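Trainee: Could we go through this one together? I'd like to start with a single residue and then look at other parts.

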Amino acid sequence: MITESDANMEYLDSHRPQIHFSPQEKWMNDPNGMVFYDGEYHLFYQYYPDSTVWGPMHWGHAVSEDMVHWEHLPIALYPDSLGWIFSGSAVYDEKNTSGLGEDGNGPLIAIFTYHNSEMEKAGRQDFQYQGIAYSNDRGRTWKKYAGNPVVPNTESIRDFRDPKVSWDAEREQWLMVFAAQNRMMFWSSPNLIDWTFESEFGQEFGSHGGVWECPDFFPASVEGEGITKWILIASINPGGPNGGSATQYFVGDWDGKTFTLDEDFRKEVTNEQAVWLDYGRDNYAGVTWSNIPETDGRRLFIGWMSNWQYARDVPTEAWRSAMTVARKLELHRLSSGYRIFSTPVKELKQLRTSENMLNGDVVSATMPLKAFIAPASAPITDRSKGTYELELEFTLLDKEKAGSFGVILHNSSGESYRVGYDPSEDEFFSDRTKSGDTSFSDKFADKITIAPRNADAETIRMQLVFDQASAELFADGGATVITDIFFPDQVFNQISLFSETENTVKLSAGKAYALKRIWDAGINK
């Protein structure tokens with residue numbers, strides 16, 4: 001019988017995610033170094049092994065064969081005389097352009113920011129610069145490059161960090177983009193060691209409510225059109241649409257030296273306007289995996305499921321923070337312009353243990369659904385029943401009179417979380433104001449999260465993924481996304497549909513799935 005004292009080693013401690021990656025213990029933030037190699041998805045992450053609050057950064061490490069089940073590996077990169085190990089990326093140097101491979105094989109190369117805290121304390125501005133490390137044993141051990149830094153901070157730019165490197169196949173060059181305070185810088189290299197500055201972007205576009213961080217840059221085919229555009233992702237803290245941290249993006253073209261905004265998209269990101277990847281408060285610093293095989297072809301993404309407004313204060317004890325579920329990104333052209341759609345990866349479906357068809361009924365004030373979660377009095381081993389997924393389609397019967405509708409989670413303590421759609425505002429929303437413990441931050445539940453609807457179809461679709469302490473809404477096939485966390489005193493053991501106005505909305509189709517926890521075979525698989 002598992003007891004409370006050893007629960008955290010079994011991933012059963014209070015609020016512990018059961019279908020999301022989280023560290024075994026201590027502090028975690030940004031995903032780093034995401035690369036697919038030899039059948040494994042590598043996930044590195046910002047990690048402080050000595051505390052549950054942010055401190056001298058390391059790279060934690062985990063691998064997965066499916067982006068769902070994870071194996072924890074030893075810390076990959078430790079701080080050294082050049083500084084702490086801040087965020088960055090990883091690539092497979094297949095052609096061994098770096099010359100750091102062995103036995104005719106190319107290495108894995110990690111590219112990261114050194115943060116020199118001593119230089120920062122001395123009042124210098126050049127305390128961040130880019131370094132590399134390499135691995136010739138499938139990422140199990142890493143060696144720092146003797147010639148680091150490979151990109152020194154010669155212009156003394158504060159916040160000179162978070163390199164994302166990729167192979168620019170058309171120009172046959174390595175491409176690096178990283179954040180430089182309020183903009184992004186582009187660099188190129190033939191070998192991952194010698195880098196040339198090419199251009200910069202962003203000082204006059206997008207939102208600048210905070211420092212720019214954690215970029216990503218990649219080509220994407222426009223769905224159904226056969227043309228390719230380039231996407232630049234830029235996280236920002238603070239300045240998000242609902243407060244604190246968030247991630248914006250830009251759509252344009254790349255000529256090997258300069259990123260040029262699409263003319264129509266430019267209109268949406270001027271005068272401090274932005275287009276957001278996720279309108280929730282808890283998807284930040286996300287980037288995509290490199291080296292995904294062409295036979296797969298997906299652009300695969302994961303983000304840090306927290307917000308700098310309160311990340312250090314959330315009510316967990318042994319560990320802090322989790323990642324979002326892995327997502328597929330696609331670029332669509334809508335009447336409103338180019339939009340990235342985000343949807344859970346298909347691999348997540350393997351967690352479904354049952355399928356429950358929901359009747360197509362008119363939604364009354366509150367319509368209970370089958371409860372998938374054990375009551376609070378159940379043994380701790382049953383807490384994994386707090387994981388489930390809904391696929392819902394709603395039709396408005398009276399658009400003029402219809403009030404907000406959606407899904408409500410609640411428990412016997414009177415706590416609740418609501419997520420849904422408001423026809424009068426044409427907005428989706430996430431309401432955690434009554435979801436449990438909010439005392440740790442006056443900003444955590446100060447308002448309801450809202451997000452514009454990007455689709456115009458008559459049917460409103462919602463795919464919802466719920467875990468012990470999180471909700472992810474993928475609306476209209478991923479056109480609008482909201483990710484929010486919460487901390488109920490007891491697990492939510494009731495699920496209902498709700499409508500604020502009688503006889504105005506119908507559930508035209510619906511499915512509900514119970515999801516099995518990803519750690520059932522132990523925390524190392």
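Mentor: Strands here are DSSP runs of E with at least two residues, numbered from the N terminus. This is a predicted model, in which local features need pLDDT (the predictor's confidence in each residue, from 0 to 100) of at least 70, side-chain atom pairs count only at 80 or more, and totals for chains, interfaces and linings use all residues. Residues are numbered from 1 along each chain as its sequence is written, and side-chain values use heavy atoms, leaving out hydrogens and water.

Trainee: Okay, where is Glu415 found?

Mentor: Glu415 sits in the loop between strand E25 (405-410) and strand E26 (416-422).

Trainee: Is Glu415 buried or exposed?

Mentor: Glu415 has a relative accessible area of 8%, and it counts as buried because that term covers values under 20% (1.4 Å probe, protein chains only).

Trainee: And which side chain has a polar contact with Glu415?

Mentor: The side chain of Asn411 does, at 2.8 Å; a polar contact is a pair of N or O atoms within 3.5 Å, where within protein one must be able to donate a hydrogen and the other to accept it, and residues adjacent in sequence count only if both atoms are side-chain atoms. In addition, a polar atom of the Glu415 side chain lies 2.9 Å from the backbone nitrogen of Asp489.

Trainee: Switching topic, what is the mean pLDDT of the chain?

Mentor: The mean is 93, with 94% of the residues reaching 70 or more. Over residues 1-7, however, the pLDDT is below 50, and over residues 371-384 it stays under 50 as well.

Note on methods: Helices (H or I, at least four residues) and strands (E, at least two) are DSSP runs, numbered from the N terminus. Buried means under 20% relative accessible area, exposed over 50%, partly exposed in between (1.4 Å probe, protein chains only). Contact means heavy atoms within 4.5 Å.
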